Amino acid sequence: MSIVRSAAAAVARLLPDRAPDGLAAGSLGQPRDRVDGPLKVMGRARFAAEVPLEGLAYAALVYSRIARGRIAVIDSGAAEAAPGVLLVMTHRNAPRLAPPPLMGEDPRGAAGSKLPVMQDASIRWNGEPVAVVLAESQEQADHAAALIQVEYAAEPASTVFEAARSRARAPGSIVGEPAKLAVGDAEAALAEAALRVDRAYRTPRHSHCAIEPHAVTVAWSGDLLTVHDATQMLHLSRSTLATVFGLADRNVRILSPFVGGGFGNKAIWSHHILAAAAARMAGRPVRLALSREGVFRATGGRTLTEQRVALGADPDGTLAALIHTGIAGMTSHNDCPEQFTFPARHLYAARSILVSQEVADLDMVANAFMRAPGESVGTFALECAIDELAEQAGLDPIELRRRLEPERDPTSGRPFSSRHLSQAYRDGAERFGWDRRSAVPRARREGDWLVGMGVATATYPYYRMPGAAARIRLTAEGRAIVETAAHEMGMGTATVQAQHAADRLGLAPDQVAFRYGDTDLPSGTMAGGSSQTASVGAAIAAAGKALTKALLRLAGNDSPLAGLKPRDVVAAEGGLRHRDDPARAESYVSILQRAGRGELTVEANAPQPMEMLKYSMHSYGAQFAEVRVNAITGETRVTRWLGAFDTGRILNPKTAASQFRGGIIMGLGLALTEETLFDERTGRIMNPSLAEYHVPVHLDVPEIEVIWTDIPDPRSPLGARGIGEIGITGVGAAVANAVYNATGIRVRELPITLDKLMQAP
Ligand code: MOS
């Protein structure tokens, strides 16, 4: 023991300082490479549509061509006779299934729509699956699907937003927050204000374009259903499918080790249910991989919004009134009201505030969450209006925002947990060279190109979801296996949680294996709301505590640790040691060996996320854009970008920078090119392909610099707030404000296409 003690003491003298929360200063904060990187670049990461199963049948879907009505006749004879076809499933022969529990409405729900799937002849949106074909090959299934003839009895459908908005309703809540909030009488204050901005903004539908289209490979074994899926909500998907098929949760297993991008809608849609139902009918495992068109038709994206922002201010810019209201398109069978008024609830000090949201029901595929639902399009409206107010007040837009910094959350009254937006602006402005911007629009021209700069605030709430659990298995060799049903969608979950666990346990990252992506593991939480890192991190922290307790018990009286309590010790160098006396230490290997144990396993639940109830917890950022607009064609090129973020502690600068950049790039699409074209006569999406729905490509994306304050949030379990979604927020407004600075033209309707700029300012 004395050898162990002196060696530990020698090592302890070399140890760096500890972070305030007891985590060893070690791997977190280091730019570690992704642990899943090599598998992906070698093509060995197996995605849901690549799982090989014996006797696999391939599925193809047929989509309805009307928005509302009934299937009058469906002729599947030619399809059934086509080569290789095993089954054609329609509402006539589909098994009886319960409606899927809706995400947000039902605590067990992951479904994007609560409509029953293929249970009768009714049609509720243009694109709803009306038939599934199973065949021996994908080509045979696709061919047979094309042979199915459907006649419809159409009924009047709600597909025109202008008409639907006259029947708008206030939803019960906006993802848990009140649909309407008022502080004082904002309309009266606006009417009397010295400075006034009162504008309407429009944003279009967007479709999800993850690099991996949605796919499932499913197999039944008796009453056991196994689903290989691309999902961002494993356990909720399990309970959803269990409900639909009338199974116990334990009879459904979902595996999702790799997800090729998930931005809010890798949840449960009809294809999961149809694949599992068809597999049961055919007695074969089934693969159902949606085509790109299928993703547009059968899974939802961001809905359209019409927003009003009105600002009433004193001559010095101080806000007397802040009004943000509007309507989003929705359906009666989902619950994603696009929370675009969220930023206005906490960003600015104002003597009176009114925020209010309504929804207008449409017959369309259920709209869904899509990266910063609400904040991405809400900041477009709010931050463009702030830019207009700055101009009226004769202030630099950054100076105006500095003057409007609130001391407490302006609608909840709660203290901010950690808010350093002004610092993000200062740091960003200096690095970007904001002082080179002309306050006068259309002042800089280089040849045919008008050059401008714009800025906007980024913001996204901190969320931590309840219900995460984690298990740690410590091996006789002193390695740890950390298990929780988390999701890796490419953002670095596995890498960062391995780093976290390593620091938590005093191990090197390569001594930790992080296992995730399987409902057989302890429950994770959804990878949504930028919440997973904090949610899962809290569970791993709790498991770490439980492990320390168990180790001290196991160490007993013959250990240098004898008599110490968990609060007396820290994990370091592959063992535990006294907090203040490094000589009192014992390694994990030694503790387990003396106890004659091959392994020590603990499991723990994360504590309830109470921090969100006491504090206003949000992330912030300042988005800086430089654009060039062609004076003749109206073409906009974004030439420089800088994002300065205040998102708590950065856990891995490499994966974090990539998250921020990814969000900003998606924001460039939102700003300039992305729009799901919806034919209001028929309710049909007209551009369901990457050829006609334009996401940014390499040549659209300039060098993007990202910097951060790296100030830990004292209320978050890891000091970190989420970073997955904030990057897209503020981007639309920063581009629009830069376009105004370049051209003198204010565009208040996304996307900012050429036609909107081919006019005199
Ligand atoms: Mo995000 S829209 O919560 O995946």
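## Salt bridges and helix H18

At 29% relative accessibility, Glu635 counts as partly exposed, and in this predicted model Glu635 pairs with Arg637 in a salt bridge whose closest N and O atoms are 3.3 Å apart. Arg637 is likewise assigned as partly exposed, its relative accessible area being 26%.

The structure holds 44 salt bridges. One of them joins Asp33 to Lys654, with 2.4 Å between the closest N and O atoms; this pair links distant parts of the chain, since Asp33 lies in the loop between helix H1 (2-14) and helix H2 (37-41) while Lys654 belongs to helix H17 (residues 653-672), 621 residues apart. Asp33 is exposed, with a relative accessible area of 51%, whereas Lys654, at 44%, counts as partly exposed.

A further salt bridge connects Arg748 with Glu388, and here too the partners come from distant parts of the chain, Arg748 from the segment after H18 and Glu388 from helix H10 (residues 375-393), 360 residues apart. Arg748 is partly exposed at 23% relative accessible area, but Glu388 is buried at 9%.

| Salt bridge | Closest N and O atoms |
|---|---|
| Asp33 and Lys654 | 2.4 Å |
| Arg748 and Glu388 | 3.0 Å |
| Arg637 and Glu635 | 3.3 Å |

Beyond these pairs, a network of salt bridges links Arg471, Arg473, Glu483, Arg515, Glu599 and Glu603.

Helix H18 comprises 13 residues (731-743), which at 1.5 Å a residue should span 18 Å, and the distance of 18 Å between its end C-alpha atoms agrees with that expectation. Because 13 of the 13 residues of H18 are buried, the helix is largely enclosed by the rest of the structure. H18 is followed by Gly744, whose phi is positive, near 80 degrees.

Methods:
Residues are numbered from 1 along each chain as its sequence is written. This is a predicted model: local features need pLDDT of at least 70, side-chain atom pairs count only at pLDDT 80 or more; totals for chains, interfaces and linings use all residues. Side-chain values use heavy atoms; hydrogens and water are left out. Helices (H or I, at least four residues) and strands (E, at least two) are DSSP runs, numbered from the N terminus. The expected span of a helix is 1.5 Å times one less than its number of residues. Buried means under 20% relative accessible area, exposed over 50%, partly exposed in between (1.4 Å probe, protein chains only). A salt bridge is a side-chain nitrogen of Lys or Arg within 4 Å of a carboxyl oxygen of Asp or Glu.
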